[in-house]
Amino acid sequence: MLVQIAAALLLFQPPQQRTIAIDERLAADAGIAIGDKLIVSAKPGDTGGDTVIVSAIVKRGADPAEIARSEYKVRMHLDHLQTVAGYGDRVDRFAVATRGDSATSIALRDINAAAFGFEAHLSRDIAVGTSRTFQVVSRFHKAIGVITIVASAIFLLCIMLLKVEERRRDVAALRLMGISARTVVKGVVTEAALLALVGSALGVGVGWLASQFINWYYQGLYRTPLYFSLVTPSIVTFAVALSLVLGIVAGLLASLRLVRTPPLALFGR
Amino acid sequence: MSLVEVRDLARDYRFGADDVHALRGVTFDIAEGDYVAIVGPSGCGKSTLLNLLGAIDKPTRGTVRIRNESPGSMRDREATLFRLRNIGFVFQRFYLMPTLSARENVELPMAEAGLKSAERSARARELLSYVGLAQRERHRPSELSGGEQQRVAIARALANKPAILLADEPTGELDAKTGAEIIALFGQLNADRTTIIVVTHDDELARAARRRIHMRDGVIVNE
Amino acid sequence: MVLHLAWASLRRHTSRTLLAILGVAVAAAMLLDMVMMSTGLRESFRELLMSRGFQLRIAPKGTLPFDTDATIADVGRIVATLRLNDDIIAISPVLGSTIHVPIGPRTFTSATLGVNPAVQGDYDLVSGRDPAAVNEIAVNDDFVSATGVKVGDTIQVSTGYDPQLRTYSDSRAMVITGRVRFLYGAANQLATAMNLSTVQEMARRSDKASLFMIKVRDDADVEEARAWIERAVPQVSALSIATALEQVDQRLSYFRQLAFILGTVSLFVGFLLVTTLITVSVNERVGEITVMRALGVSKGHIVQQIVVEGMVITLSGAAAGLALGLVTARYLNGILASFPGLPVAIDFFLFQPKAAWMSLGLLSLSGIAAGVYPSWRAASLPIATTLREEAIA
């Protein structure tokens, strides 16, 4: 099996103790345990590569780029990987840790000034650059969200109109008794707001449960610790506020329509 | 043989824990061409009797036979068809379809009976002309007066040439003058051999009928 | 008369009816989009894979084509082995690499494919001709736009780049012979095509290929050919279109699941809207319905009338939803098409008449179902009692 070569590591091990670390997915799928011996090669199908001992099994990171890719990750000592891959004294990149933000800026500046043909980047900038896939997914989700909100708004308005109109005789009787249009509208809008609040609370509950299910399902499906759905306080606040506004507007429109009709007409006379 | 034969007809209702005996066993016959008014105080069972005659309710006991058929023992589908072909109903509140014109309201039972469009259109016009509303055929019920609406309702009731015309307080929603016009119309219909049974509080209407059945507490007390 | 009554009832409350149609339209649009999305990517990808008639792809063992930098060695020997199978009628080895093209003060980096122009299945010629000779190159429109070159120009092309010395190695002059459109090219990606041997030499990958594209006879069993290849050439994985589609399905299963969930929700919302409207409408007209029953109109005809009302709303909404759905699909497709590395030819939302008919069918069923229960219930009310209650009300 072709072993995917990942970035190399830090400690130097003497050649006679060549060890590798494999990820938990590979360990589970191939039934490999610590202490097992494997052959690693850079050539597909090559059975004459290096024999190594599995010394560790590592957890997979919550890396969005790994979603839906059935790849395995292996960690090897740098010199070993260079030898196996025929890379010579070369690396793809260096990862540099600094002491604090100001040290990072200084290091970035100095490396870019001194290094010949190299460019240093902040890790955060690379993360942004390599997360284009998920930016696309995020935009897609937002678009779906907007469409859903528009559909819900129309639906809500329609239902509210129907339900308020169902009570037109009650409204007519109140108006004939001398209750003002303003009072009627206030009553309907208050009712609509209460319904919207209760509905939002239920919706938040359902959304939270759905979120739990989504994470459980997709974490299992893609075998990743990544979170696919998060219900945050700001999202809850936005959802509740939006449904409240929609509910009130729908109630207002429906009740205004009703109070503009003469009471006797509401009775069907 | 009589057109309508009623034998020991009774109807009970249950309201919560109480039983109400709306009709307690009435017996009478009605011949073809009769004009009968059923009168009595409120709650005496006259509307209940009319509903049973019209096959829109089922008796608890007894029988109704109309043209030798027993609608009280029919299943819903048969009873519906029976009403369509044999009964013409006129209600106190007219109950015209508000979205249809006068002519379309009259056509409604004929459409249900399967008459072709041209045929029912012609008959509807004829009926509207008969009730004096030829020039109002395109008007919706909201554009007609109470008396005009009731005339349309009468024309509708006659659409399929029913054996009997049943009318429940046909002048109940009308003023005296308009009521008199309707009473006159009933007279004309009966003169043209339509069998009419009306339930009414209206003395004028009751007097216009050729026969009166008095009811009280669910029984016939006088005829 | 049933149709006429249904139409008259709908016109009675025009704004309510129009709002319901609008609501159904939005639900229908969403449903159509989700049906399109559930099959679109797969169909689009399948069409792309089949577009040049190559039914099989060969990649380094355990990998997907161009998924890694791994290459297949011994191209010549492999081609000879493959030719032993009479079912195989065309073999197109492809080697991918990167080239650097200095033009003026700037150096442009471009992907390049080394192909055999006689049997290649990677690009369509837009103008000019294929790069037949070793010093010829074809470029795509993104390359032309970025560099300003044109067919007939000569450019310097290098593969090796020493970042420390900032010099290019293996530089050679190439004549641009044609403009091409890469079938599997992503948006805004600079790409070129050269002779396979040229790329092998420049990239120092002698006798290597990134993948092979294989065409088998029309009457041959593709799966059999695939299995034969894997036995005959153990260091490779052979993928049929079916296998490739399975891989795509697995990787993008999220979108199919999302499509299913949102499609179901949309259908349910549309159904709920029509049901609510019909139920309220029927409740308002209980008196009229009961009178019709008293006049002798059958339950069936009453149910028919009300179901027709539901269907009018549903079908009108569906028609509007079709137009709206195509617009939103285009918009959503535009978002998803910007996935990095996704071939431009791939659509997530592919309009297929089958999808439209399926959506319409589902909506129609929901429209019927929405009308049946409330109308049957209203038509089954006891006539005498209901008339009395209506009179009191």
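**How much area is buried between chain B and chain C, and what percentage of it do carbon and sulfur atoms give?** Keep this question in mind; the solution comes in Exercise 2. The model is a predicted one, and the exercises below walk through its interfaces and cavities.

## Exercise 1: Find which chains touch

Task: Work out how the chains pair up, and name the pair with the most contacts.

Solution.

Step 1. Start with the number of touching pairs, which is 2.

Step 2. Rule out the pair that stays apart. Chain A and chain B do not touch, and their nearest C-alpha atoms are 8 Å apart.

Step 3. Take the pairs with chain C. On one side, 48 residues of chain C are in contact with 39 residues of chain A. On the other, 23 residues of chain C are in contact with 22 residues of chain B.

Step 4. Name the pair: chains A and C have the most contacts among the touching pairs.

## Exercise 2: Describe the interface of chains B and C

Task: Give the buried area between chain B and chain C, then describe the side that chain B contributes.

Solution.

Step 1. Here is the reply to the opening question. About 2,200 Å² is buried between these two chains, and carbon and sulfur atoms give 65% of that area.

Step 2. Look for the residues of chain B that lose the most area to chain C. These are B:Y95, B:T99 and B:E112, which together account for 24% of what that side buries.

Step 3. Count the polar links. There are 2 salt bridges between chain B and chain C, and 7 residue pairs are in polar contact.

Step 4. Assign the chain B side to elements. α2 (76–86) and α3 (102–112) of chain B each give two or more residues to the side that touches chain C. The largest share, 5 residues, comes from α3(B).

Step 5. Sort that side by class. It divides into 11 nonpolar, 3 polar and 8 charged residues.

## Exercise 3: Trace a salt bridge between chains

Task: Find the partner of B:D76 in chain C and say which helices the pair joins.

Solution.

Step 1. Begin with the whole model, where the count is 39 salt bridges over all chains.

Step 2. Place the two residues. B:D76 sits in helix α2 of chain B, while C:R293 lies in helix α9 (residues 286–295) of chain C, and the pair crosses between chains.

Step 3. Check the distance. The closest N and O atoms of B:D76 and C:R293 are 2.6 Å apart, within the 4 Å cut-off for a salt bridge.

## Exercise 4: Describe the interface of chains C and A

Task: Repeat the analysis for chain C and chain A, looking at the side that chain C contributes.

Solution.

Step 1. Take the area. About 3,800 Å² is buried between chain C and chain A, with carbon and sulfur atoms giving 68%.

Step 2. Turn to the polar links. Across this interface there is 1 salt bridge. C:E284 and A:R168 form a salt bridge, with their closest N and O atoms 3.2 Å apart. The count of residue pairs in polar contact is 4.

Step 3. Locate the chain C side. α2 (14–50), α7 (241–251), α8 (253–284) and α10 (299–336) of chain C each give two or more residues to it. α8(C) provides the largest share, 14 residues.

Step 4. Sort by class. The side of chain C that touches chain A has 27 nonpolar, 15 polar and 6 charged residues.

## Exercise 5: Look inside for cavities

Task: State how many cavities of 30 Å³ or more there are, and describe the linings of the largest and the second largest.

Solution.

Step 1. The count is 6 cavities of 30 Å³ or more.

Step 2. The largest has a volume of about 90 Å³. Among the residues lining this cavity are C:S9, C:H13, C:L277, C:R285 and C:E309. Elements giving two or more residues to the lining are α1 (2–12), α2, α8 and α10 of chain C. The largest share, 3 residues, comes from α8(C). By class, the lining holds 4 nonpolar, 4 polar and 3 charged residues.

Step 3. The second largest cavity holds about 70 Å³ of space. Its lining includes C:M37, C:R42, C:D249, C:F255 and C:F348. Here α2, α7 and α8 of chain C each supply at least two residues, and α2(C) gives the largest share, 4 residues. The lining divides into 6 nonpolar, 1 polar and 3 charged residues.

How values were computed
Residues are numbered from 1 along each chain as its sequence is written. Chains are lettered from A and ligands numbered from 1 in the order in which they are written. This is a predicted model: local features need pLDDT of at least 70, side-chain atom pairs count only at pLDDT 80 or more; totals for chains, interfaces and linings use all residues. Side-chain values use heavy atoms; hydrogens and water are left out. Contact means heavy atoms within 4.5 Å. Buried area is the accessible area (1.4 Å probe) that two parts lose on being put together, summed over both. A salt bridge is a side-chain nitrogen of Lys or Arg within 4 Å of a carboxyl oxygen of Asp or Glu. A polar contact is a pair of N or O atoms within 3.5 Å; within protein, one must be able to donate a hydrogen and the other to accept it, and residues adjacent in sequence count only if both atoms are side-chain atoms. Ala, Val, Leu, Ile, Met, Phe, Trp, Tyr, Cys and Pro count as nonpolar, Asp, Glu, Lys and Arg as charged, and the others, Gly among them, as polar. On a 1 Å grid over the protein atoms alone, a cavity is a set of points where a 1.4 Å probe fits but cannot get out, and a pocket is an open set with protein on both sides within 12 Å along at least five of seven lines; lining residues have an atom within 4 Å of a point. Grid points are joined across faces, edges and corners, and a volume is the space filled by probe spheres set on the points.
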